[in-house]
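Colleague: Got a minute to walk me through this one? Put it up and I'll start asking.

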Amino acid sequence: MAEAPLPAIRSLPSWLLGRAAARGRALVAGALAAEGLKMWHHVVLSAVRDLAPVAQADLGRGVGLDPKDVVGILNDLQSAGLVERAPDPRDRRKNAVSLTDEGARLLVRCEKAAREANDDLLAPLSAGEREQFVRLLTRISGVSAVSGSPAVSGVSGGDSASGSEG
């Protein structure tokens, strides 16, 4: 079935970015699903790695999730043996979350899968175009670039996004 002729809409950068983002999310979600994870599980695992030990409330604020959603995701990750919760050493009234060894191993596989999915997304672009594209997206997204990030440096197959989503 042919797409409706909407040249005024389809030429808008916002529409094109939305289409590219939807394609990117689908590619990353598929790659993560092959490892048994959903995108938000990947985001939370990555944040736990970067912040651990981290209080659940701080984790939720850090990734922009409602506290009840964080609890549900952490329950899933803990049931799978990927994270552990223990009393926070700075405040015993709170739980602190850390990765297990299995969680760390899975995160490495998921990061590789997410990079490969992003490589598929950007396959039509040369290495120089990828670098320029990511720089331009960073400028208009309101998100600060991460220094040394492969997404910023354009290194294919290096160390996402999610961005926050992988």
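Modeller: Sure, and keep in mind that this is a predicted model. Let's begin with two helices: α4 (residues 56-63) and α5 (residues 67-79) pack with their axes 9 Å apart, at an angle of about 110°.

Colleague: So is α4 roughly parallel or roughly perpendicular to α5?

Modeller: The angle between them is about 110°. Angles of 65 to 115 degrees count as roughly perpendicular, so α4 against α5 is roughly perpendicular.

Colleague: Which residues of α5 do Gln56, Leu59 and Gly60 meet?

Modeller: The residues in this contact split into four nonpolar, two polar and no charged. On the α4 side you have Gln56, Leu59 and Gly60, and what they meet in α5 is Val70, Val71 and Leu74.

Colleague: Staying in α4, which side chain does Asp58 meet in a salt bridge?

Modeller: Asp58 is partly exposed, at 33% relative accessible area. Its partner also lies in α4, three residues apart, about one turn of the helix. The N to O distance is 2.4 Å, and the partner is Arg61.

Colleague: Arg130 and Asp119 pair up too, so how many residues apart in sequence are the parts they tie together?

Modeller: Their side chains meet in a salt bridge at 3.2 Å, N to O. Arg130 is in α7 (residues 127-141) while Asp119 is in α6 (residues 101-121), so the parts tied together are apart in sequence by eleven residues.

Colleague: And is Arg130 buried or exposed?

Modeller: Its relative accessibility is 11%. The cut-off is under 20%, so Arg130 counts as buried.

Technical notes
Residues are numbered from 1 along each chain as its sequence is written. This is a predicted model: local features need pLDDT of at least 70, side-chain atom pairs count only at pLDDT 80 or more; totals for chains, interfaces and linings use all residues. Side-chain values use heavy atoms; hydrogens and water are left out. Axes are lines fitted to C-alpha atoms, for helices over the stretch in contact, and angles run from 0 to 180 degrees between N-to-C directions. Helices (H or I, at least four residues) and strands (E, at least two) are DSSP runs, numbered from the N terminus. Angles under 35 degrees count as roughly parallel, over 145 as roughly antiparallel, 65 to 115 as roughly perpendicular and the rest as oblique. Contact means heavy atoms within 4.5 Å. Ala, Val, Leu, Ile, Met, Phe, Trp, Tyr, Cys and Pro count as nonpolar, Asp, Glu, Lys and Arg as charged, and the others, Gly among them, as polar. A salt bridge is a side-chain nitrogen of Lys or Arg within 4 Å of a carboxyl oxygen of Asp or Glu. Buried means under 20% relative accessible area, exposed over 50%, partly exposed in between (1.4 Å probe, protein chains only).
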